[in-house]
Amino acid sequence: MHVKTKLNQLISFYRTPVTPESYFLSLEGIEGSGKSTQIKNLERSLIDKGYRVLNLREPGGTEFGEKLREAILKSSTPLHPLAECHLFLASRAQLLKEKILPFLLQPKSVVVLDRYIDSTLAYQGKARGLGMETVLELHQHDPLNLLPHRTYFLDISLETSHERQKIRGQDKDYFESEKNEFYNKLIDGYREVAQLFPQRILKIDASVSMEKVSQMMLQDLEKILS
Ligand code: T5A
């Protein structure tokens, strides 16, 4: 069967949260694309509009998920791509059960998540070579088949990512130590994922100033909330 047909069939399994005036947002992009920076602005703006906001990160966000985060990002041995993928999914399933789903049941609530399914599609599906179909198949089961209302994909080049990481000057983790070849595949992967979900994912040029990126996101958010 043609890959596109298979992907479309898999996508039809997904559902989005339905509590009135509650929203699920995610931010995506390679290292240094500005997700954490923008989440703070987004949170402030949502609180000003009278929303309850739960800001979480992946992997992590629960006691169990934070242990998995440590196990993955500090791993001294290369993990099998399937092992890696299942660890991210385990963290995600627990986060959905413990935090995301209960929070979204309350009206006027917004979950803002730093990385979600699109990270797995781009990192494990594309860059590690598992295949996006495999990653989508693994997300067909409850609660993993929940998609955000809106995903902001902060798109930057590898050069910009390196420059920002250099300025920040932190030690490299498990993924940050990967070679350029991995990152080039990853960037392609993210752009493919954005094409796969054009209604949900908004690709933003995040190489411009923080203020401009924030402005683009907040303008779009107005439309999502209305
Ligand atoms: N992973 C995760 C997978 O492989 N599969 C999965 O399914 C999941 C969920 C998590 C790792 O796990 C992998 C992906 C990751 O490698 P992480 O530490 O949570 O790791 O995520 P990172 O993306 O590595 O976090 P970063 O902090 O590096 O990236 P951010 O949050 O996108 O960037 P931010 O906001 O910290 O900004 C970085 C620097 O750039 C500056 C900031 O001030 C900061 O110094 N900056 C800008 N400078 C100029 N102009 C702008 N517009 C700027 N925006 C930010």
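**View 1. Strand 4 and its two partners.** In this predicted model, Phe153 has Lys203 as its bridge partner in strand 5. That bridge belongs to a parallel pairing of strand 4 with strand 5 (residues 201-205), which runs over five bridges. Strand 4 (150-155) also pairs with strand 1 (residues 23-28), again in the parallel sense, this time over four bridges. Two spots to look for in that second pairing: Leu25 stands opposite Arg150, and Leu27 has Tyr152 as its bridge partner. As for cover, six of the six residues of strand 4 are buried, so the strand is largely enclosed by the rest of the structure. The side chains split into two sets: Arg150, Tyr152 and Leu154 point one way, while Thr151, Phe153 and Asp155 point the other way. That's the usual pattern, since side chains in a regular strand alternate between the two faces of the sheet.

**View 2. Strand 1, between strand 3 and strand 4.** Here we slide over to strand 1, which is joined to strand 3 (residues 109-114) by five bridges, with the strands running parallel. Leu25 is a handy anchor for this view: its bridge partner in strand 3 is Val112, and in strand 4 it stands opposite Arg150. Strand 1 is mostly covered, with six of its six residues buried. Tyr23, Leu25 and Leu27 head off one way, and Phe24, Ser26 and Glu28 go the other way.

**View 3. Asp118 and Arg200, a polar pair under cover.** Asp118 sits in helix 5, and Arg200 is in the loop between helix 8 and strand 5. Their side chains make a polar contact at 2.8 Å. Arg200 has a second one to show off, reaching the side chain of Thr151 at 2.7 Å. Are these two charged-looking ends buried or exposed? Asp118 has a relative accessible area of 1%, so it counts as buried; Arg200 comes in at 6%, so it is buried too. Leaving out neighbours up to four places away in sequence, Asp118 touches Glu28, Thr151, Tyr190, Val193, Phe197, Arg200 and Ile201. With the same kind of neighbours set aside, the contacts of Arg200 include Ile117, Leu147, Pro148, His149 and Arg150. For scale, Asp118 and Met132 are 14 residues apart in sequence and 9.7 Å apart in space, C-alpha to C-alpha.

**View 4. Two arginines over rings.** Arg200 turns up again here, lying over the face of Phe197 at 4.4 Å from the ring centre. Elsewhere, Arg92 lies over the face of Tyr116, at 5.2 Å from the ring centre.

**View 5. Aromatic rings, two pairs out of the set.** The structure holds eleven aromatic pairs. One of them is Tyr123 with Tyr190: the ring centres are 6.2 Å apart and the planes sit at 90°, so this is an edge-to-face pair. The pair links distant parts of the chain, with Tyr123 in helix 5 (residues 117-127) and Tyr190 in helix 8 (residues 180-196), 67 residues apart. Both tyrosines are buried. Phe175 and Phe182 make a tilted pair instead, 6.4 Å centre to centre with 35° between the planes. Phe175 counts as buried because its relative accessibility is 4%, and Phe182 does as well because its value is 6%. Zoom out a little and these four rings belong to one aromatic cluster, made up of Phe88, Tyr123, Phe153, Tyr174, Phe175, Phe182, Tyr183 and Tyr190.

**View 6. The largest nonpolar core.** Which of the 67 residues in this core touch the most other members? They are Leu46, Ile100, Val112, Leu136, Phe175, Leu186 and Phe197. Some of these will look familiar: Val112 is the bridge partner of Leu25, and Phe197 is the ring under Arg200. Leu186 gets the close-up, in contact with Ile30, Ala122, Tyr123 and Ala127 once neighbours within four places in sequence are left aside.

**View 7. Gln140 in its loop.** Gln140 is placed in the loop between helix 6 (132-138) and strand 4. What does Gln140 touch, not counting residues up to four places away in sequence? Leu10, Phe13 and Asn145. Its relative accessibility is 17%, so Gln140 counts as buried, given that the cut-off is under 20%.

Definitions and conventions: Residues numbered from 1 in each chain as written. Predicted model: local features only at pLDDT ≥ 70, side-chain atom pairs only at ≥ 80, totals over all residues. Heavy atoms only, no water. Buried < 20%, exposed > 50% of the residue type's maximum accessible area, 1.4 Å probe, protein only. Contact = heavy atoms within 4.5 Å. Phe/Tyr/Trp six-rings, centres within 6.5 Å; stacked < 30°, edge-to-face > 60°. Lys NZ or Arg CZ within 6 Å of the ring centre and 35° of its normal. Pairing = 2+ DSSP bridges. Core = buried A, V, L, I, M, F, W, Y, C linked by side-chain atoms within 4.5 Å. Polar contact = N/O pair within 3.5 Å; in protein donor to acceptor, adjacent residues only side chain to side chain.
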